[in-house]
Amino acid sequence: MDDWKPSPLIKPFGARKKRSWYLTWKYKLTNQRALRRFCQTGAVLFLLVTVIVNIKLILDTRRAISEANEDPEPEQDYDEALGRLEPPRRRGSGPRRVLDVEVYSSRSKVYVAVDGTTVLEDEAREQGRGIHVIVLNQATGHVMAKRVFDTYSPHEDEAMVLFLNMVAPGRVLICTVKDEGSFHLKDTAKALLRSLGSQAGPALGWRDTWAFVGRKGGAGTRGHPLCSIKGLGGAEPQEVGWGGEHIGASGNGLDESRREMEKSPHAGVWAPMSPHSCLLPGPVLGEKHSKSPALSSWGDPVLLKTDVPLSSAEEAECHWADTELNRRRRRFCSKVEGYGSVCSCKDPTPIEFSPDPLPENKVLNVPVAVIAGNRPNYLYRMLRSLLSAQGVSPQMITVFIDGYYEEPMDVVALFGLRGIQHTPISIKNARVSQHYKASLTATFNLFPEAKFAVVLEEDLDIAVDFFSFLSQSIHLLEEDDSLYCISAWNDQGYEHTAEDPALLYRVETMPGLGWVLRRSLYKEELEPKWPTPEKLWDWDMWMRMPEQRRGRECIIPDVSRSYHFGIVGLNMNGYFHEAYFKKHKFNTVPGVQLRNVDSLKKEAYEVEIHRLLSEAEVLDHSKSPCEDSFLPDTEGHTYVAFIRMEKDDDFTTWTQLAKCLHIWDLDVRGNHRGLWRLFRKKNHFLVVGVPASPYSPGSESNLFIDCPEGLENRQNLEDLDFFLGWNAALRVGLALTQETAVPNPWTGPVRALMLTQTHSETLRHWTRPALSLLFVQISKAG
């Protein structure tokens with residue numbers, strides 16, 4: 001070692017130069033894993049800070065509200081406002097009569113009195129948010145309609161516009177706001193309020209208070225100076241054509257309402273007046289408005305007191321011919337308002353229908369039970385579609401109303417149908433459940449010879465071939481003991497997944513929403529053990545339980561024969577309807593002949609499924625089923641895909657697949673022994689669970705989709721959506737101080753959707769139970 005010398009050819013050793021910061025960061029940024037971790041960490045930190053800030057805001061708001069609730073401010077404000085008013089003017093003894101109208105608007109209370117009689121008083125903490133509307137008869141002063149539109153929520157402003165357009169000219173309109181009424185008050189609604197003469201209504205802001213009294217104007221010609229003002233181009237509504245053609249929407253807009261009604265072309269809403277007319281503003285009799293000074297506070301309570309001159313009875317009445325139909329119409333139109341041209345003096349809409357008879361109608365003598373509550377406008381729309389369906393038998397229809405409400409009974413009497421009112425029992429879900437039981441029991445008692453009953457609800461449109469569909473399939477319930485029901489609703493039948501109106505399926509779930517019940521099933525099995533009033537259970541979820549279903553299945557069509565249009569209900573709101581119900585496909589073709597009905601019997605259906613699978617082409621499972629390219633661009637073919645399903649109740653992969661297919665994904669619906677049938681690109685698409693389904697190619701096969709690749713690759717993006725959704729819900733939760741959720745498994749997803757205002761496709765990923773419970777707690781904290 002002593003003789004060793006370094007080679008002169010080798011470069012002398014020295015300390016390694018430190019890499020420049022530019023090269024260091026360039027290397028880190030080109031490393032995808034490091035970049036992904038950096039972005040994830042940054043996004044999570046940012047969102048966590050935002051969430052913490054929002055939680056602090058919510059807690060501060062809750063503390064402020066609690067302090068406000070301890071102080072009897074509303075009553076004091078009401079008394080103070082009343083004291084500041086001038087004494088009411090005495091009515092003269094002349095022929096011109098006058099009404100004294102008093103309107104109060106505040107954060108927690110609304111109040112309307114006519115001649116000292118209270119016609120509206122709402123100070124409940126958990127309901128009544130939005131714009132309250134009252135319609136008075138201009139000759140007598142009696143209340144013809146009372147509505148509340150929660151215009152904090154989506155689509156409620158469209159319902160308000162539709163209602164106000166349906167009110168006859170000359171009626172006295174009273175509007176007042178409780179809590180908040182501007183969040184979803186869009187331009188169409190503001191334009192209509194402007195057309196009524198209101199100045200403050202179109203400018204209504206966050207948590208403002210507002211009271212308005214006016215008279216609805218009549219129609220003017222397009223040559224009138226006011227008709228050129230933007231927003232006054234509306235018109236008195238008329239009905240749609242009952243032959244099946246939808247005429248359109250009014251000049252005021254309401255595109256969303258029109259599109260919903262196009263689901264049911266014969267359901268009947270309204271159409272515009274002459275293109276040469278417009279809606280002129282009527283006289284404004286009084287208006288008060290108070291702006292909210294800050295985001296976290298409300299406008300000062302306002303109390304409006306005004307005189308309303310009454311018109312002559314001649315101006316408020318129509319002179320129809322003296323017939324039985326017109327006598328029913330006159331009784332109806334003298335009591336209620338908001339039903340459009342059914343009360344038109346010149347050309348009233350028919351209230352009697354003559355649909356074509358149904359040859360060999362096997363359901364002619366089957367009773368029809370319509371389950372209703374206090375939603376008379378829904379009931380009116382539903383009964384028009386039902387009475388327009390081919391093969392309907394009006395004498396077999398009974399409308400069961402939960403509670404002693406006058407207006408729903410007036411709607412029933414208008415159409416000359418039988419109506420029965422029940423005394424409400426219990427609360428919330430249990431009340432609905434007890435109403436169903438009482439209605440079903442009464443139906444079979446009224447018709448003791450009936451083997452079946454058709455069960456409908458007041459917020460359903462009925463297809464023109466509804467009774468034809470039942471007539472062709474009802475014999476299956478008699479001949480096949482493995483069947484539970486026949487339903488007109490396909491849970492997975494959306495516009496992009498349903499195609500063939502002549503095709504039927506067997507499914508293990510009970511869809512409801514227009515279904516046939518066998519008397520023996522109800523009397524021997526369901527009625528004796530129906531949930532008692534103290535159990536806050538949903539009746540349909542109870543019927544879907546294995547203890548009731550006992551392995552039996554229901555028959556459903558590929559294209560639904562009913563359409564759920566209601567967005568207001570115990571378990572329904574605008575967000576939930578937008579995400580899961582609005583885009584359902586609805587049959588509008590009359591006289592559809594169902595194909596191979598007898599193949600729906602138990603043994604024959606197994607043969608049919610095996611035939612379909614033998615003819616089906618297996619899809620390329622290396623592609624993502626969430627992508628459009630997963631199915632070829634063909635039409636009329638049958639394809640099959642296999643997904644992981646370890647046991648009968650393992651629906652993890654199916655739920656993820658349902659999310660990316662944009663179909664029902666809150667629980668499992670529409671399956672038959674681990675197989676789902678739907679359409680994509682006009683191709684019959686079969687999905688089979690492996691290895692649990694008896695239709696799987698075998699447990700040794702590894703050809704199946706474990707988790708949809710598109711979702712797996714986008715998991716980080718979904719996590720980001722999760723946090724963004726959480727953050728959005730927290731922000732929206734600041735204003736939800738009057739909501740109370742029902743803590744049961746069904747309303748959890750509904751509640752999660754109520755708290756968000758993001759696009760409906762994103763909302764589908766916010767129905768995780770843990771997050772739903774979090775939303776419930778946040779909303780209670782307020």
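What follows is a chat between a trainee and a mentor about a predicted model.

Trainee: Let's start with the whole chain. What does its secondary structure come to?
Mentor: The chain has 24 helices and 26 strands. Buried residues account for 57% of its 782 residues. Take contacts between residues at least 6 apart in sequence: 76% of them join residues at least 24 apart.

Trainee: On to helix pairs. Why are α11 and α14 called oblique to each other?
Mentor: Look at the angle: α11 (residues 428-446) and α14 (residues 519-526) cross at roughly 125°, with axes that come within 11 Å. Roughly perpendicular covers 65 to 115 degrees, and roughly antiparallel starts over 145. The angle of roughly 125° fits neither range, and the pair is therefore oblique.

Trainee: Which residues make that contact, and what is the hand of the crossing?
Mentor: α11 passes α14 in a left-handed crossing. On the α11 side, Lys 437, Leu 440, Thr 441, Phe 444 and Asn 445 take part, and on the α14 side Arg 519, Tyr 522 and Lys 523. By class, the contact residues split into 3 nonpolar, 2 polar and 3 charged.

Trainee: What makes α8 roughly antiparallel to α10?
Mentor: Again, check the angle. Helix α8 (residues 324-333) packs against helix α10 (residues 406-414) at about 165°, their axes 9 Å apart. The cut-off for roughly antiparallel is over 145 degrees, so α8 is roughly antiparallel to α10. This crossing is left-handed as well, with α8 passing α10.

Trainee: How do the residues of the contact of α8 with α10 divide?
Mentor: The split is 4 nonpolar, no polar and 3 charged. Arg 328, Arg 329 and Phe 332 come from α8, and they meet Asp 410, Val 411, Ala 413 and Leu 414 of α10.

Trainee: Now the open sheet. What makes β14 and β18 its edge strands?
Mentor: Each of them pairs on one side only, β14 being 418-422 and β18 being 504-507. You can read it off the order of the 8 strands, which goes β14-β13-β12-β15-β19-β17-β20-β18, with mixed pairing. From one strand to the next, the twist averages 25°.

Trainee: How do you know that β15 and β19 pair?
Mentor: Count the bridges. Pairing takes at least two, and 4 join β15 (residues 452-457) to β19 (residues 515-518). The two strands run antiparallel, and Phe 452 stands opposite Arg 518 in β19.

Trainee: Which helix packs on the sheet?
Mentor: That's α12 (residues 466-473), which touches β12 (368-372), β15, β17 (483-487), β18, β19 and β20 (553-557). The direction of α12 makes about 155° with that of β17.

Trainee: What joins β2 to β3?
Mentor: There are 5 bridges between β2 (residues 110-114) and β3 (residues 117-122), and the strands run antiparallel. With at least two needed for pairing, those 5 bridges qualify. Val 114 stands opposite Thr 117 in β3. The hairpin has 2 residues between its strands, and Asp 115 takes a positive phi near 50° there.

Trainee: Last one: which residues in α5 are buried?
Mentor: In α5 (residues 187-195), they are Ala 189, Ala 191, Leu 192, Leu 193 and Ser 195. To be called buried, a residue has to be under 20% relative accessible area. Just after α5 comes another positive phi, about 100° at Gly 197.

Conventions:
Residues are numbered from 1 along each chain as its sequence is written. This is a predicted model: local features need pLDDT of at least 70, side-chain atom pairs count only at pLDDT 80 or more; totals for chains, interfaces and linings use all residues. Side-chain values use heavy atoms; hydrogens and water are left out. Axes are lines fitted to C-alpha atoms, for helices over the stretch in contact, and angles run from 0 to 180 degrees between N-to-C directions. Angles under 35 degrees count as roughly parallel, over 145 as roughly antiparallel, 65 to 115 as roughly perpendicular and the rest as oblique. A crossing is left-handed if the near helix is turned anticlockwise from the far one by less than a right angle, and right-handed if clockwise. Contact means heavy atoms within 4.5 Å. Ala, Val, Leu, Ile, Met, Phe, Trp, Tyr, Cys and Pro count as nonpolar, Asp, Glu, Lys and Arg as charged, and the others, Gly among them, as polar. Buried means under 20% relative accessible area, exposed over 50%, partly exposed in between (1.4 Å probe, protein chains only).
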